[in-house]
Amino acid sequence: MPAFTRTHGEYEISDDPARLDLDVVERLLHETYWAWERPREVIEKSIARSLNVGAYWRGAQVGFGRAVTDGATFAWICDIVIDEAHRGTGLGKALVETLVDHPEIKEVRQVLATRDAHTLYERFGYQRFGDTFLARGFRLRPETQA
């Protein structure tokens with residue numbers, strides 16, 4: 001299957017695994033509050049088992065995100081990160097949109113956890129469940145009375 005690619009101004013966002021720069025991904029993740037201690041081997045294993053997107057500026061990787069999914073019923077959106085020098089450009093929104101609307105997971109239920117980016121995800125149809133979790137596409141059957 002050909003790579004799924006979108007553009008955002010001068011940026012390109014792609015799911016092409018050959019383009020991922022693991023050194024950049026490791027550096028970006030180690031700058032976060034949630035993956036600052038994640039070992040390189042774990043990063044590599046998580047990427048191998050996920051749907052990944054990278055954001056690129058002039059050929060260099062400046063962002064990353066992934067979804068852990070079965071491709072049929074569920075996706076966990078995680079590790080969304082943009083290099084600090086490229087924040088404030090709308091790239092984070094574009095990367096999230098590219099990932100959550102990716103053809104492999106667009107129609108599946110999606111969940112994620114964040115402590116500081118709730119409004120970003122809410123613009124893509126996610127609803128809050130408590131202080132940390134958000135979900136999109138979750139509809140439970142109403143309880144019926146016996």
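**Strand 5 and its neighbours**

In strand 6, A75 has Q110 as its bridge partner. That pairing is a handy way into this predicted model, as A75 belongs to strand 5, which spans residues 74-82. Strand 5 runs parallel to strand 6 (residues 109-113), and the two are held in register by three bridges. Right next door in the sequence, W76 sits opposite V111 of strand 6.

W76 also looks the other way, so to speak: W76 is the bridge partner of V68. Here the neighbour is strand 4 (residues 60-69), and this time the pairing with strand 5 is antiparallel, with six bridges. Strand 4 and strand 5 make a hairpin with four residues between the strands, and in it G71 adopts a positive phi near 75°. As general background, strands of a sheet pair through backbone hydrogen bonds, in either a parallel or an antiparallel sense.

How is strand 5 linked to its parallel partner? Together with helix 3 (residues 91-100), strand 5 and strand 6 build a β-α-β unit, and the unit is right-handed. Strand 5 is also well tucked in: seven of its nine residues are buried, so the rest of the structure largely encloses this strand. Buried here stands for a relative accessible area under 20%.

Stepping back, the sheet as a whole has eight strands, is open, and follows the order 1-2-3-4-5-6-8-7, with mixed pairing. Strand 1 (5-8) and strand 7 (127-129) are found at the edges; each has a single partner strand, so each has one side with no neighbour in the sheet. From one strand to the next, the twist averages 25°.

What lies across strand 4 and strand 5? That place is taken by helix 1, which runs at about 75° to strand 4. Helix 1 (residues 22-30) also comes up against helix 2 (residues 40-48): their axes come within 10 Å and cross at roughly 110°. That puts helix 1 roughly perpendicular to helix 2. The crossing of helix 1 past helix 2 is right-handed. On the helix 1 side, the residues involved are L22, D23, V25, E26, L29 and H30, and they meet R40, I43, E44 and I47 of helix 2.

Put together, strand 5 is paired with strand 4 in the antiparallel sense and with strand 6 in the parallel sense, while helix 1 lies across strand 4 and strand 5.

Notes
Residues are numbered from 1 along each chain as its sequence is written. This is a predicted model: local features need pLDDT of at least 70, side-chain atom pairs count only at pLDDT 80 or more; totals for chains, interfaces and linings use all residues. Side-chain values use heavy atoms; hydrogens and water are left out. Buried means under 20% relative accessible area, exposed over 50%, partly exposed in between (1.4 Å probe, protein chains only). Two strands pair if DSSP finds at least two bridges between them. A crossover is right-handed if, with the strands pointing away from the viewer, the path from the first strand over the helix to the second runs clockwise. Axes are lines fitted to C-alpha atoms, for helices over the stretch in contact, and angles run from 0 to 180 degrees between N-to-C directions. Angles under 35 degrees count as roughly parallel, over 145 as roughly antiparallel, 65 to 115 as roughly perpendicular and the rest as oblique. A crossing is left-handed if the near helix is turned anticlockwise from the far one by less than a right angle, and right-handed if clockwise. Contact means heavy atoms within 4.5 Å.
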